[in-house]
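Thanks, everyone. I will take the cysteines first and then the fold.

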Amino acid sequence: MTVYKTPSCGCCTRWVDHLAENGFEVTVQSLDDLSPVKTKLGVPQELQSCHTAEIDGYVIEGHVPAADIERLLEERPDATGIAVPGMPVGSPGMEYGARKDPYDVILFGGDEQKVYASH
């Protein structure tokens, strides 16, 4: 997996650690501006977060749990990728004590978006 993040983003680094702890091989590319990457990969603005990744033909946007990425790679839906918009507290890399805000993982592609998982 290739992860695109800004050099100073700590939560992005913690998300990369989460992926590595769950068996993903991760290469990090630090960029000052991620907008061109998000545009090139087709991430809708309303789904954007602080980092973007590519794996096996899919886009992963934001603090998506490793288990949802594994499910995506197993099921292979016809989609661009999955996203966790924003930066919800309690998502991987956004841990804050025992606090966990509910959030959805969104499957997206073309003009379609739907909930893929809820946490």
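Start with the sulfur of Cys50: the closest cysteine sulfur belongs to Cys12, at 3.6 Å, which is too far for a bond. Keep in mind that this is a predicted model. The cut-off used for a disulfide is 2.5 Å between the two sulfur atoms, so the pair does not qualify at 3.6 Å. By that rule, the count of disulfides is zero.

Are these two cysteines buried or exposed? Cys12 is buried, with a relative accessible area of 0%. Cys50 is buried as well, and its relative accessible area is 16%.

Now the sheet. It is open and has seven strands, in the order β2-β1-β3-β4-β5-β6-β7, with mixed pairing. At the edges are β2, residues 27–30, and β7, residues 112–118, each of which pairs on one side only. From one strand to the next, the twist averages 20°.

How is β6 joined to β7? Strand β6, residues 104–109, runs antiparallel to β7, and six bridges join them. As one example, Val105 has Ala117 in β7 as its bridge partner.

Next, the helices on the sheet. Helix α1 covers residues 10–21 and packs on the sheet, where it touches β1 (2–5), β2, β3 (52–55) and β4 (58–62). The direction of α1 makes about 170° with that of β1.

Helix α3, residues 66–75, lies across β3, β4, β5 (81–84), β6 and β7. Relative to β7, α3 runs at about 125°.

To return to the cysteines: both Cys12 and Cys50 are buried, and the disulfide count stays at zero. That is all from me.

Terms used. Residues numbered from 1 in each chain as written. Predicted model: local features only at pLDDT ≥ 70, side-chain atom pairs only at ≥ 80, totals over all residues. Heavy atoms only, no water. Buried < 20%, exposed > 50% of the residue type's maximum accessible area, 1.4 Å probe, protein only. Pairing = 2+ DSSP bridges. Helix = DSSP H or I, 4+ residues; strand = E, 2+ residues; numbered from the N terminus. Axes fitted to C-alpha atoms, helices over the stretch in contact; angles between N-to-C directions. Contact = heavy atoms within 4.5 Å.
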